[in-house]
Amino acid sequence: MSDVRHRRWVTLGTSGILMLWAGALLLSHGACNSARKPMDSPVSSRTRALRADPPAPGGLVPVTQRQLHVTEGQLVSLAEDAPDGTHFAIEVPRQRAVVPETTGDEAELRFTWLGITDPAIPLASGQQREQVGLKLRARDGCNVIYAMWRIAPSAGIVVNFKRNPDDHESAECGNAGYTTVRPRFMEPLDKLSPGESHVLRARIDADVLTVYADGKRVWEGVLPADALVLEGPAGMRTDNARVRFQLLVPQRAGTTSRR
C-alpha cells in the first residue's frame, strides 16, 4: 500500500472515531437533561406565590373583654357560651374597638354573621353598607388602616386608610381623609349567608398588606407612604352587621407598628 493511500485510511479512521465520540457525548447530555427537573416558568412561579398559604397563626391569641377598648357601640360578652371570656356578640349598627398596647400590623377576626342589624344606619358618607373588618395601626378614629369584608350591597374585600394628622376624634374629621388602596392582586368573594362562620386576617409586611379570607389569600397591595406613617394598635369594626366573634392579635406587646 502506498504512503498516500495509507495516510488516507488513517485520516478516515480518525474521523470515524471522533464522530462516534461526539455522538456518545450528545446522548449522555440529553439523558442528563431529561432526568433534571425543568425550571419553573415566571408565570407558574407567580401563580404559586399568589396562592400561597398564610403564615402560621402561632403568634396570635384571642383578646378578652378587659383588653378590648370600645370606642363606639356596645359589646356583649358570651361568657355563658364561652367561659374563656374571648367570645362576643354585636347587635348594634356601629361598633368600633381597639386593643391597646398591641402591635398594629396583624390581626384576625373569627366571626359568624347573623344578618343585618335593626335598625341599620348609613355611613357618614351617606352610603348604606353591611361590613365587618379589621383596624390596623389605629392611632385614633381619624388615623387608621381598614381591611373590610363587605357583605352588602356587594361582597368583597376593600382596603382603605384614613389620615387626618391634625384630628383625633371622629367628630373632628367626620368622613374626611379616606383613601382607597388599589390591589395588585384580588379575588372575588361569594355572598355570605346568615349563620356562616368565617375568618378574616390581615397582615402588614414592610409596605405590603395582605388579606386572607378563610385561609386563602384574596387581596394584596402596596400601602402608600401616607398609610405607612400611621402607628397604633389593632382592632375591629362593624357596620350594620349582627355578628358573634373572636378577635386575635399578636401575643407579644411592644411597639405599635413595625416598619
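**Pairs and strands in a predicted model**

Biologist: How many aromatic pairs does the count come to?
Modeller: Keep in mind that this is a predicted model. Ring centres have to lie within 6.5 Å to pair. By that rule, the number of aromatic pairs is 3.

Biologist: Take F111 and W149: how are their rings arranged?
Modeller: Their centres are 5.6 Å apart and the planes sit at 85 degrees. Planes over 60 degrees apart fall in one class, so the F111 and W149 pair is edge-to-face.

Biologist: Which strands does that pair link, and how far apart in the chain are the two residues?
Modeller: Both F111 and W149 are buried. F111 belongs to strand β6 and W149 to strand β8, and the distance along the chain is 38 residues.

Biologist: And what kind of aromatic pair do Y146 and Y178 make?
Modeller: Here the centre-to-centre distance is 6.3 Å, with 25 degrees between the planes. Planes under 30 degrees apart share a label. That makes Y146 and Y178 stacked.

Biologist: Is Y178 buried or exposed, or partly exposed?
Modeller: Its partner Y146, in strand β8, has a relative accessible area of 3% and is buried. Y178, in strand β10, has 31% relative accessibility, so it counts as partly exposed.

Biologist: Which residue lies over the face of Y146?
Modeller: The distance from the ring centre is 4.6 Å. The residue itself sits in strand β15, where it points the same way as G235 and D239 and is buried. It's R237.

Biologist: Why is strand β15 said to be largely enclosed by the rest of the structure?
Modeller: G235, R237 and D239 point one way, M236 and T238 the other, and every one of them is buried. So the strand, residues 235–239, is largely enclosed, the buried count being 5 of the 5 residues.

Biologist: In what sense do β5 and β7 pair with β15?
Modeller: β5 and β15 pair over 5 bridges, with R94 standing opposite D239. β7 and β15 pair over 5 bridges too, and K135 has G235 as its bridge partner. For both pairings the sense is antiparallel.

Biologist: On to charges: which residues are linked with E106 in a network of salt bridges?
Modeller: E106 meets R201 in a salt bridge at 2.4 Å, N to O. E106 also meets R203, at 3.1 Å. A further acidic residue belongs to the network, whose members besides E106 are R201, R203 and D205.

Biologist: What does the salt bridge of E106 and R201 tie together?
Modeller: E106 lies in strand β6 and R201 in strand β12, so the bridge ties together parts 95 residues apart in sequence. Both E106 and R201 are buried, and E106 counts as such because its relative accessibility is 8%. The strands tied together are β6 and β12.

Biologist: Which partner of the R110 and E108 salt bridge is buried?
Modeller: Their closest N and O atoms are 2.7 Å apart. R110, at 35% relative accessibility, counts as partly exposed. With a relative accessible area of 5%, the buried partner is E108.

Biologist: Last one: what is the handedness of the link of C142 and C173?
Modeller: The whole structure has 1 disulfide, formed by C142 and C173 with their sulfur atoms 2.1 Å apart. C142 lies in the loop between β7 and β8 and C173 in helix α3, so the link ties together parts 31 residues apart in sequence. With -90 degrees about the S-S bond, the link is left-handed.

Key: Residues are numbered from 1 along each chain as its sequence is written. This is a predicted model: local features need pLDDT of at least 70, side-chain atom pairs count only at pLDDT 80 or more; totals for chains, interfaces and linings use all residues. Side-chain values use heavy atoms; hydrogens and water are left out. A salt bridge is a side-chain nitrogen of Lys or Arg within 4 Å of a carboxyl oxygen of Asp or Glu. Helices (H or I, at least four residues) and strands (E, at least two) are DSSP runs, numbered from the N terminus. Buried means under 20% relative accessible area, exposed over 50%, partly exposed in between (1.4 Å probe, protein chains only). A disulfide is a pair of cysteine sulfur atoms within 2.5 Å. Two strands pair if DSSP finds at least two bridges between them. Rings of Phe, Tyr and Trp (its six-membered ring) pair if their centres lie within 6.5 Å; planes under 30 degrees apart count as stacked, over 60 as edge-to-face and the rest as tilted. A charge sits over a ring if NZ of Lys or CZ of Arg is within 6 Å of the ring centre and within 35 degrees of the ring normal.
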